[in-house]
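Trainee: I've got this one open on my screen. Mind if I throw some questions at you?

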Amino acid sequence: MAQPRISAYLPPDIDPTKAALAFGRRALPKLNEELQSAELLTQQRALMALCDLVHDPEKVYQAIALGFLDSLKTLLEHQDQTVRQKTTEVLSVMASHSIG
């Protein structure tokens with residue numbers, strides 16, 4: 001009889017560097033909370049997800065209204081290079097939209 005095996009490896013279509021997003025209106029507020037987290041990996045994952053979201057002008061407008069700029073401004077002085085780089089990328093994409 002066959003025995004089920006649970007693999008220790010993640011499925012190939014799951015990216016561990018991206019945060020799980022909340023649904024609908026709760027997505028951006030949840031990311032803003034994660035940006036202010038004390039845990040480095042949580043901040044990095046939130047920034048990766050935010051980089052994907054801010055290509056939509058509607059999400060940029062919502063992010064500005066929710067106060068993301070204050071969170072991102074704080075992260076520009078972070079000690080981790082990845083956090084600073086992704087923060088700069090998010091700000092650059094946001095500034096390229098007419099809303100930003």
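Trainee: Which exposed residues sit on the face of α5 turned away from its buried side?

Mentor: Keep in mind that this is a predicted model. To count as exposed, a residue needs over 50% relative accessible area. On the face of α5 turned away from the buried side, the residues that qualify are Gln81, Gln85, Ala95 and Ser96.

Trainee: And why do the buried residues of α5 line one face of the helix?

Mentor: Start with who they are: Val83, Lys86, Thr87, Val90, Val93 and Met94 are the buried ones in α5. Look down the axis of α5 and these buried residues line one face, because they fall within an arc of 130 degrees.

Trainee: How far does α5 reach from its first C-alpha to its last?

Mentor: Helix α5 covers residues 81-96, which is 16 residues. At 1.5 Å a residue you'd expect 22 Å, and the model comes close to that. The span from first to last C-alpha is 23 Å.

Trainee: What do the buried residues of α5 pack against?

Mentor: Think of the chain as a whole to begin with: it has five helices and zero strands, so to speak a run of α-α-α-α-α from the N terminus on. The buried residues of α5 pack against α2 (40-53), α3 (57-66) and α4 (68-75).

Trainee: Take α4 and α5, then. What is the angle at which they pack, and how far apart are their axes?

Mentor: The crossing of these two helices, α4 and α5, is left-handed. On the α4 side, Leu69, Leu72 and Leu75 take part, and they meet Val83, Arg84, Thr87, Val90, Leu91 and Met94 in α5. By class, that contact has seven nonpolar, one polar and one charged residues. The packing angle is about 145 degrees, with the axes 9 Å apart.

Trainee: Now Ala63: buried or exposed?

Mentor: Ala63 lies in helix α3. The cut-off for buried is under 20% relative accessible area. Ala63 has 0% relative accessibility, so the verdict is buried.

Trainee: Which residues does Ala63 touch, leaving out those up to four places away in sequence?

Mentor: Don't look to Leu53 for a short C-alpha distance to quote: Ala63 and Leu53 are ten residues apart in sequence and 9.7 Å apart in space, C-alpha to C-alpha. With residues up to four places away set aside, Ala63 touches Leu28, Phe68 and Met94.

Trainee: Last one: of the contacts between residues at least 6 apart in sequence, what percentage join residues at least 24 apart?

Mentor: The protein chain has 100 residues, and 31% of them count as buried. Among its contacts between residues at least 6 apart, the share joining residues at least 24 apart is 65%.

Note on methods. Residues numbered from 1 in each chain as written. Predicted model: local features only at pLDDT ≥ 70, side-chain atom pairs only at ≥ 80, totals over all residues. Heavy atoms only, no water. Helix = DSSP H or I, 4+ residues; strand = E, 2+ residues; numbered from the N terminus. Expected span 1.5 Å × (residues − 1). Buried < 20%, exposed > 50% of the residue type's maximum accessible area, 1.4 Å probe, protein only. Arc of directions from axis to C-beta. Contact = heavy atoms within 4.5 Å. Axes fitted to C-alpha atoms, helices over the stretch in contact; angles between N-to-C directions. Left-handed = near helix turned anticlockwise from the far one by under 90°. Nonpolar A, V, L, I, M, F, W, Y, C, P; charged D, E, K, R; others polar.
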